[in-house]
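Here are my notes, as promised. Have the model open while you read, and go through the points in order.

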Amino acid sequence: TTTSTTSTTTKTTTSKTTKTTRTTTTKTTTAMKYCPNSNLLRISICQDGSSCNVVTDPAKWGCCASHGGRRACPKGTPVLCQQRTCGGDYCCDVASAANPCKGLPMPLDRCP
């Protein structure tokens with residue numbers, strides 16, 4: 001967990017009166033809990049370390065099948081799902097409450 005604090009000070013001066021307002025905002029971020037994505041749009045990373053474009057490759061989303069399967073999802077669909085229901089490989093999805101991997105995202109400690 002990373003915590004950062006930002007402070008803003010504003011001074012307003014009106015005839016013989018000085019007013020000081022201080023606002024402190026604390027932002028807490030949690031370390032990633034799920035498998036990282038490829039950080040590249042439309043590019044999947046395969047188990048053997050090769051990569052493929054899920055749009056332009058003739059096999060489309062199955063482009064990692066002959067490379068041991070998918071290890072990381074493309075940036076546009078960054079969540080690697082636990083299910084192997086996408087052509088026998090792990091599905092990729094978007095992180096949203098409406099479409100949470102049609103099940104569960106792959107936990108960080110179980111990344112392929």
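The points below go from the sheet to the disulfides and then to a few single residues.

1. First, a caveat: this is a predicted model. Please read every distance and angle below as a value computed from that predicted model.

2. Start with the sheet. It is an open one made of 3 strands, in the order E4-E3-E5, with antiparallel pairing. E4 (51-53) and E5 (70-72) are the edge strands, and each has a single partner, so one side of each has no neighbour in the sheet. Going from one strand to the next, the twist averages 45 degrees.

3. Next, look at how E3 and E4 meet. E3 covers residues 43-46 and is joined to E4 by 3 bridges, with the two strands running antiparallel. To find the register, put serine 44 against its bridge partner in E4, cysteine 52. Isoleucine 43 stands opposite asparagine 53 of E4. The two strands make a hairpin with 4 residues between them, and in that turn glycine 49 has a positive phi of about 95 degrees.

4. On the other side of the pairing, E3 and E5 run antiparallel and are joined by 2 bridges. Here isoleucine 45 is the one to click on, since its bridge partner in E5 is alanine 72.

5. Is E3 buried or exposed on its two faces? Both faces are covered: Ile43 and Ile45 are buried on one side, and Ser44 and Cys46 are buried on the other.

6. Now the disulfides. The structure holds 5 of them, and I'll go through a few. Cysteine 46 is bonded to cysteine 64, with the sulfur atoms 2.1 Å apart. This pair links distant parts of the chain, 18 residues apart: cysteine 46 sits in strand E3 and cysteine 64 in the loop between E4 and E5. The torsion about the S-S bond is -75 degrees, a left-handed link for cysteine 46 and cysteine 64. Both cysteine 46 and cysteine 64 are buried.

7. Cysteine 52, the bridge partner of serine 44, is also in a disulfide, with cysteine 63, at 2.0 Å from S to S. Cysteine 52 is in strand E4 and cysteine 63 in the loop between E4 and E5, so the bond ties together parts that are 11 residues apart in sequence. The link of cysteine 52 and cysteine 63 is right-handed, with 60 degrees about the S-S bond. Cysteine 52 has a relative accessible area of 7%, so it counts as buried. Cysteine 63 is buried too, at 5% relative accessibility.

8. A further disulfide joins cysteine 73 and cysteine 92, again with an S to S distance of 2.1 Å. The torsion about this S-S bond is about -85 degrees, so the disulfide of cysteine 73 and cysteine 92 is left-handed. It links distant parts of the chain, with cysteine 73 in the loop between E5 and E6, cysteine 92 in strand E7, and their positions 19 residues apart in sequence. Cysteine 73 and cysteine 92 are both buried.

9. Serine 38 deserves a look. You'll find serine 38 in the loop between strand E2 (17-29) and E3, where it is buried, with a relative accessible area of 13%. A polar atom of the serine 38 side chain lies 2.6 Å from the backbone oxygen of isoleucine 43. Beyond its neighbours within four places in sequence, serine 38 contacts Ile43, Ile45, Ala72, Cys73, Pro74 and Lys75.

10. That list ends with lysine 75, which lies in the loop between E5 and strand E6 (79-80). Lysine 75 counts as partly exposed, at 46% relative accessibility. What does lysine 75 contact, leaving aside neighbours within four places in sequence? The answer is Asn37, Ser38, Asn39, Leu40 and Leu41. Take asparagine 39: it is 36 residues from lysine 75 in sequence, yet the C-alpha atoms are 4.8 Å apart.

11. Last, proline 107, in the segment after strand E7 (92-93). Proline 107 is partly exposed, with a relative accessible area of 22%. Again leaving aside neighbours within four places in sequence, proline 107 is in contact with Lys33, Tyr34, Cys35 and Gln82. Proline 107 and cysteine 81 are 26 residues apart in sequence, with 8.9 Å from C-alpha to C-alpha.

Key:
Residues numbered from 1 in each chain as written. Predicted model: local features only at pLDDT ≥ 70, side-chain atom pairs only at ≥ 80, totals over all residues. Heavy atoms only, no water. Pairing = 2+ DSSP bridges. Axes fitted to C-alpha atoms, helices over the stretch in contact; angles between N-to-C directions. Buried < 20%, exposed > 50% of the residue type's maximum accessible area, 1.4 Å probe, protein only. Contact = heavy atoms within 4.5 Å. Polar contact = N/O pair within 3.5 Å; in protein donor to acceptor, adjacent residues only side chain to side chain. Disulfide = S-S within 2.5 Å.
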